[in-house]
Each structure stands twice: as structure tokens, then as C-alpha cells.
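Trainee: I'd like a close look at a single part of this one, taken slowly. Could you walk me through it once the structure is up?

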Amino acid sequence: QVQPEESGGGSVQAGGSLRLSCAASGSTYCISDITWYRQAPGKEREFVSRFERYGSTSYAESVKGRFTISQDSAKNTVYLQMNNLSPDDTATYYCKIHTKWWNSRPSCSVKDYWGKGTLVTISA
């Protein structure tokens, strides 16, 4: 069992910055990757950025150059630094933790764990 907890959302003006956090607790040794998604009103949920266990990262084209994903392994936390924000970034941001089975940890299983989301509002 793994529990994600998002924080850091809020309201800022266009051009400003926010840093979102996704803190994982529980069986963190089962984690394969942590992904940020977002969903704006009236739109489909979309991929934002992903951090994989061994350091690989990926970004949606719409956020490349502005967002940076990173981790603090000691705190079991993944961060999403968001710079040069625009109203198009307004959405609820969700953290999803993906776990997998490991040879060394047979108690782990393939599952997705979703956080409740944190609201980001960017005003013009």
C-alpha cells in the first residue's frame, strides 16, 4: 500500500512560479515511477511529467522548458517546479504513483495510486 499526498497548489499571476510536492508513504520500495497529470474544467486529463525510479524524466511538450521534475529520495518526495506560468496551466494537478512487482520484494504488486489533487489557478 502506497499513499501519495500532493501539496503546493495555489493562485498566482501569469509569469509566476509554484512548486508542487508529491510525498509518498507506505511501501515506497514498491514504486516504479511517479507521474503528474492535470485536468482543467471541460478538458480531458493530460500527462504533464514523469519521474522514473532510476532518474529518467519526461515532459509534455506544452511544459518543456518551463517545468522541472525532481526528487528528494530521503523524503520520498517528487517535486514539480513550475515557472513562467500562464492561464493555460490552470488545472487540478494529480500525482499518480505506479508500483510494480520486484524480485526482491514479492509483496509488491502492479498498481496505481492517485492523490486527491491540488488546485493551481493562474490569473492573467
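Which residues does Tyr93 touch, not counting those up to four places away in sequence?

Mentor: Sure, and keep in mind that this is a predicted model. Leaving out residues up to four places away in sequence, Tyr93 touches Glu6, Leu20, Trp36, Tyr37, Arg38, Val48, Phe67, Leu80, Met82, Gly117, Thr118 and Val120.

Let's put that list in context. The largest nonpolar core has 27 residues, and Tyr93 is among those that touch the most other members, along with Trp36, Phe67, Leu80, Met82 and Ile97. Strands E3 (18-26), E4, E5, E7, E8, E9 (91-99) and E11 (118-123) each give two or more residues to this core. So go back to the contacts of Tyr93 with that in mind: Trp36, Phe67, Leu80 and Met82 are on its contact list, and they are also named among the core members with the most contacts inside the core.

Now follow one of those contacts, Tyr37, into the aromatic side of things. There are 3 aromatic pairs in the structure. One of them joins Tyr37 and Phe47 edge-to-face, with 6.3 Å from centre to centre and 80° between the planes. Tyr37 sits in strand E4 and Phe47 in strand E5, 10 residues apart, and the pair links distant parts of the chain. How buried are the two partners? Tyr37 has 15% relative accessibility, so it counts as buried because the cut-off is under 20%. Phe47, at 26%, is partly exposed.

Tyr37 has another ring partner in Trp114: the centres are 5.2 Å apart and the planes meet at 45°, so this pair is tilted. Trp114 belongs to strand E10 (residues 111-114) and Tyr37 to strand E4, so the pair ties together parts 77 residues apart in sequence. Trp114 is partly exposed, with a relative accessible area of 37%. Put together, Tyr37, Phe47, Tyr94 and Trp114 make up one aromatic cluster.

Another core member on the Tyr93 list, Trp36, leads us to Ser21. That serine is in strand E3, and it counts as buried at 14% relative accessibility. Not counting residues up to four places away in sequence, Ser21 touches Glu5, Glu6, Ser7, Trp36, Thr77, Val78 and Tyr79. Glu6 and Trp36 turn up in the contacts of Tyr93 as well.

For contrast, try Leu119 in strand E11. Leu119 counts as exposed, at 52% relative accessibility. With residues up to four places away in sequence left out, its contacts are Gly9, Gly10, Ala91 and Thr92. Leu119 and Trp101 are 18 residues apart along the chain, yet 32 Å separates their C-alpha atoms.

Last stop, the empty space. The largest pocket holds about 250 Å³. Its lining has 16 residues, with Ile31, Ile34, Arg53, Gln71 and Asn76 nearest the centre. Strands E4 (31-39), E5 (46-52), E7 (67-72) and E8 (77-82) are the elements that give two or more residues to that lining. E4 provides the largest share, 4 residues. By class, the lining splits into 6 nonpolar, 6 polar and 4 charged residues. Those strands, E4, E5, E7 and E8, are also on the list of elements that feed the core around Tyr93.

Terms used
Residues numbered from 1 in each chain as written. Predicted model: local features only at pLDDT ≥ 70, side-chain atom pairs only at ≥ 80, totals over all residues. Heavy atoms only, no water. 1 Å grid on protein atoms, 1.4 Å probe; cavity = no way out; pocket = protein on both sides within 12 Å on 5 of 7 lines; lining within 4 Å. Points joined across faces, edges and corners; volume = space filled by probe spheres on them. Nonpolar A, V, L, I, M, F, W, Y, C, P; charged D, E, K, R; others polar. Core = buried A, V, L, I, M, F, W, Y, C linked by side-chain atoms within 4.5 Å. Buried < 20%, exposed > 50% of the residue type's maximum accessible area, 1.4 Å probe, protein only. Contact = heavy atoms within 4.5 Å. Phe/Tyr/Trp six-rings, centres within 6.5 Å; stacked < 30°, edge-to-face > 60°.
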